[in-house]
Amino acid sequence: MITVETGGHWPDHVRRILDGLPLWFGMPESNEEYVEKASTLTNVVALDGDEVVGICLLVRHNPQSAEIDLIAVPEDRHRQGIGRRILEHVERELSADGVRILHVKTYGPSGSSAEYERTREFYEGTGFIPLEERTDIWGPQNPCLILAKPLG
């Protein structure tokens, strides 16, 4: 049974999960940043018993806005509802705390990536709305799509 909880810091599990997702997280310097951020940001983990099977890192920008900095599930656990369970937990907690909008950045559709096409489908399937694609955030070769979801 999968449980989801907020709290603690799980950098070793962030490293393990990202190392197993090279088609999504193939930039070592970026992965190291996520590992470092896992020591300070809000961590939300999905557990199957004692095994971490998903992780989310959150940034609160202000009392009404939060951002998913990272959400990752090991590839062999994709399409089992783990990411959806994490999002439901995150949305419930943030909404109860007065957050009105949740947003996320992901690789944009002007780039070519079957993996990130699935990622965008996941977000849109869970109610996120694409706002804009920008090339000034991560650079022209790495288009950034910003998606948002109203809460509450």
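Start by selecting Phe122, Tyr123 and Phe128: ring pairs link these residues into a cluster. Keep in mind as you click around that this is a predicted model. The count of aromatic pairs comes to four, and one of them is Tyr123 with Phe128. Zoom in on those two rings. How are they arranged? A pair of aromatic rings is described by the distance of the centres and the angle of the planes. For Tyr123 and Phe128, the centres are 5.3 Å apart and the planes sit at 70°, which makes the pair edge-to-face. Now turn on a surface and look for both residues: Tyr123 and Phe128 are buried.

Next stop, the largest pocket. Rolling a probe the size of a water molecule over the atoms shows where empty space is left. In the largest pocket, that space comes to about 1200 Å³. To find your way there, select Trp24, Phe25, Thr106, Tyr116 and Thr119, which lie nearest the centre of the pocket among its 43 lining residues.

Now colour by helix and strand. Which elements give two or more residues to the lining of the largest pocket? They are α2 (28-37), β4 (65-72), α3 (82-96), β5 (101-107) and α4 (114-125). Of these, α4 gives the most, with seven residues. Switch to colouring by residue class and you'll find a mix in the lining: 18 nonpolar, 13 polar and twelve charged residues.

Stay in the pocket and pick out Thr106, which belongs to strand β5. Is Thr106 buried or exposed? Thr106 counts as buried because its relative accessibility is 4%, and the cut-off for buried is under 20%. Show what surrounds Thr106: leaving aside residues up to four places away in sequence, Thr106 touches Tyr116, Thr119, Arg120, Tyr123, Trp138, Pro143, Cys144, Leu145 and Leu147. You've already met Tyr123 in the ring cluster.

Another of those contacts, Cys144, takes us to the last stop. Select Cys144 together with Cys56 and show their sulfur atoms. Why is there no bond from Cys144 to another cysteine? The closest cysteine sulfur to that of Cys144 is in Cys56, 16 Å away, so the gap is too far for a bond. A disulfide needs the two sulfur atoms within 2.5 Å, and the count for this model comes to zero disulfides. Check the surface once more: Cys56 is buried, with a relative accessible area of 0%, and Cys144 is buried with a value of 0% too.

Terms used:
Residues numbered from 1 in each chain as written. Predicted model: local features only at pLDDT ≥ 70, side-chain atom pairs only at ≥ 80, totals over all residues. Heavy atoms only, no water. Buried < 20%, exposed > 50% of the residue type's maximum accessible area, 1.4 Å probe, protein only. Phe/Tyr/Trp six-rings, centres within 6.5 Å; stacked < 30°, edge-to-face > 60°. 1 Å grid on protein atoms, 1.4 Å probe; cavity = no way out; pocket = protein on both sides within 12 Å on 5 of 7 lines; lining within 4 Å. Points joined across faces, edges and corners; volume = space filled by probe spheres on them. Helix = DSSP H or I, 4+ residues; strand = E, 2+ residues; numbered from the N terminus. Nonpolar A, V, L, I, M, F, W, Y, C, P; charged D, E, K, R; others polar. Contact = heavy atoms within 4.5 Å.
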